[in-house]
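Thanks for coming. I will put the structure up and then go through its sheet, its helices and its empty spaces.

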Amino acid sequence: LSYSCMKNMSSIISSHNKTILEPNVDETGCNCKNKLECPVENKCLTKKVIYKAEVKNNKNEDTKIYIGLSENSFKERYRNHTKSFRHDKYKNETVLSKYIWDLKENDAMPIVKWSFIKTIKGKLNSNNCSLCLIEKFNIINLLDDKNLLNKKSEFISKCRHVNKFMIGSIRNDSMD
């Protein structure tokens, strides 16, 4: 390989590593137009968070629990959840949306309270993704709870974030 080719490959790898490994400051706070309607007490822009959704309804005293995670801002994840609550073509996206639709189909009004369990500081890495591990830990701790909506299979699934650490995730257009 020529020197210029090696130098170009080196800069591509260096750029990729910088993107993945350099610490960045997590955004926190809220950009909701009405701060009183923020789902998580004016912290909706928080990234890398394990969250809990507690679902009550107007028909009985049941409170179901769902544990989830968001690598991007919680607000992005929250929007996806609420989209799946509103549009029936997305009702099977998560166990939580399936439960919400079951309630709605039985004329019960779901009331969802969102909260954070843990916020992850620093960068995620490929060896042990703390975001996935902490989510799984919280699901395992509640497995015996009959009110847990998460499935047992969730804590044995592969980390969703590992692919971004692979060299193959470098975009092809950066090779030009």
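Strand E1, residues 49–57, pairs with E3 in the antiparallel sense, and nine bridges hold that pairing on the list. This is a predicted model, so please read what follows as values computed from it. Two positions let you find the pairing on the screen. Tyr-51 stands opposite Phe-116 in E3. Lys-52 has Ser-115 as its bridge partner, again in E3.

What about E1 and E2, and over how many bridges do they pair? There are seven bridges, and the sense is antiparallel. Here the position to look for is Ile-50, which stands opposite Leu-69 in E2. E1 is joined to E2 by a hairpin, and the connection runs through six residues.

Put together, this gives an open sheet of three strands in the order E2-E1-E3, with antiparallel pairing. Strand E2, residues 64–70, and strand E3, residues 110–119, are the edge strands, since each pairs on one side only. From one strand to the next, the twist averages 25°. As a reminder when you look at any sheet, side chains in a regular strand alternate between its two faces.

Now the helices that go with the sheet. Helix H3, residues 95–105, lies across E1, E2 and E3, and it runs at about 15° to E1. Helix H4, residues 130–141, also packs on the sheet and touches E1, E2 and E3. The direction of H4 makes about 170° with that of E2.

Next, the aromatic rings. The count comes to seven aromatic pairs. I will show one of them, Tyr-51 with Phe-74. Why is this pair called edge-to-face? The ring centres are 5.3 Å apart and the planes are at 70°, so the pair is edge-to-face, given that planes over 60 degrees apart count that way. The pair also links distant parts of the chain: Tyr-51 is in strand E1, while Phe-74 is in helix H2, residues 74–86, and the two are 23 residues apart.

That leaves the empty spaces. Rolling a probe the size of a water molecule over the atoms shows where such space is left.

The largest pocket holds about 300 Å³ of space. It is lined by 18 residues, and the closest to its centre are Leu-69, Ser-70, Arg-77, Arg-160 and His-161. We met Leu-69 a moment ago, opposite Ile-50. Which element gives the largest share of the pocket lining? That is E2, with five residues. E2 and H2 each supply at least two residues of this lining. By class, the pocket lining has four nonpolar, eight polar and six charged residues.

As for cavities, a search of the whole structure finds one of 30 Å³ or more. About 30 Å³ of space lies in the largest cavity. Its lining consists of Cys-132, Glu-135, Lys-136, Glu-154, Ser-157, Lys-158, Cys-159 and Arg-160. By class, that is two nonpolar, one polar and five charged residues. Arg-160 appears in this cavity lining, and Arg-160 was also among the residues closest to the centre of the largest pocket.

That is the end of the tour.

How values were computed. Residues numbered from 1 in each chain as written. Predicted model: local features only at pLDDT ≥ 70, side-chain atom pairs only at ≥ 80, totals over all residues. Heavy atoms only, no water. 1 Å grid on protein atoms, 1.4 Å probe; cavity = no way out; pocket = protein on both sides within 12 Å on 5 of 7 lines; lining within 4 Å. Points joined across faces, edges and corners; volume = space filled by probe spheres on them. Nonpolar A, V, L, I, M, F, W, Y, C, P; charged D, E, K, R; others polar. Pairing = 2+ DSSP bridges. Helix = DSSP H or I, 4+ residues; strand = E, 2+ residues; numbered from the N terminus. Axes fitted to C-alpha atoms, helices over the stretch in contact; angles between N-to-C directions. Contact = heavy atoms within 4.5 Å. Phe/Tyr/Trp six-rings, centres within 6.5 Å; stacked < 30°, edge-to-face > 60°.
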